[in-house]
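Visitor: I would like to learn how to read side-chain features in a protein model, one feature at a time. Could you guide me through some cases?

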Amino acid sequence: MNARQRTLSAMRGEPVDRPPYSFWQHMRPGENWGQPCVDAHIRFAQETGVDFLKVMNDGMPAPFDLESIHTAEDWLKLRPRFGQNPYVSEMLSRAGKIVEAVG
């Protein structure tokens, strides 16, 4: 049973050869954006042999306008920034590259 089969089977409540495992870390300075971030995640997955990988998004700006928060009610007004937002497009690009490399 490979890592993908093990993780998906466990999520479906099916028998597995052993429980899937993972752990993660925050990447080092200089490894939290762009290709260095992709490379760090790939290296981490290969060196640890985890069954599933959490992609860390350190160093990225918040996807919300946090400067508009002044009262508790302001949190209810927040809407995610979608479209061509650099936060979202960079995160999706990195995740795609990591998934392609790690499988």
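Guide: What follows takes up aromatic pairs and then two polar side chains, and please keep in mind that this is a predicted model.

Visitor: How does one describe a pair of aromatic rings, and how many aromatic pairs does the structure hold?

Guide: In general, a pair of aromatic rings is described by the distance of the centres and the angle of the planes. The structure holds 2 aromatic pairs. In one of them, Y21 and F23 are stacked, with 6.3 Å from centre to centre and 20 degrees between the planes.

Visitor: Are Y21 and F23 buried or exposed, or something in between?

Guide: Y21 has a relative accessible area of 31% and is therefore partly exposed, and F23, with a relative accessible area of 42%, is partly exposed as well. F23 also pairs with F44, and here the arrangement is edge-to-face, with the centres 5.8 Å apart and 85 degrees between the planes.

Visitor: Which parts of the chain does the pair of F23 and F44 link?

Guide: The pair links distant parts of the chain, since F23 sits in the loop between α1 (3-11) and α2, whereas F44 belongs to helix α2, 21 residues apart from F23. F44 counts as buried because its relative accessibility is 8%, which lies under the 20% cut-off. Through these ring pairs, Y21, F23 and F44 are linked into a cluster.

Visitor: Let us turn to the polar side chains. Where is H41, and why does H41 count as buried?

Guide: H41 is placed in helix α2, which covers residues 34-48, and H41 counts as buried because its relative accessibility is 0%. Leaving aside residues up to four places away in sequence, H41 touches M27, L53, K54, V55, M56 and I98. With one of these residues there is also a polar contact, in which the side chain of H41 reaches the backbone nitrogen of M56 at 2.9 Å.

Visitor: And which backbone nitrogen lies 2.9 Å from a polar atom of the side chain of E90?

Guide: That is the backbone nitrogen of G34, which lies 2.9 Å from a polar side-chain atom of E90. Computed along the sequence, E90 and G34 are 56 residues apart, while their C-alpha atoms are 7.4 Å apart in space. E90 itself is in helix α3, residues 86-102, and is buried because its relative accessible area is 16%.

How values were computed. Residues numbered from 1 in each chain as written. Predicted model: local features only at pLDDT ≥ 70, side-chain atom pairs only at ≥ 80, totals over all residues. Heavy atoms only, no water. Helix = DSSP H or I, 4+ residues; strand = E, 2+ residues; numbered from the N terminus. Buried < 20%, exposed > 50% of the residue type's maximum accessible area, 1.4 Å probe, protein only. Polar contact = N/O pair within 3.5 Å; in protein donor to acceptor, adjacent residues only side chain to side chain. Contact = heavy atoms within 4.5 Å. Phe/Tyr/Trp six-rings, centres within 6.5 Å; stacked < 30°, edge-to-face > 60°.
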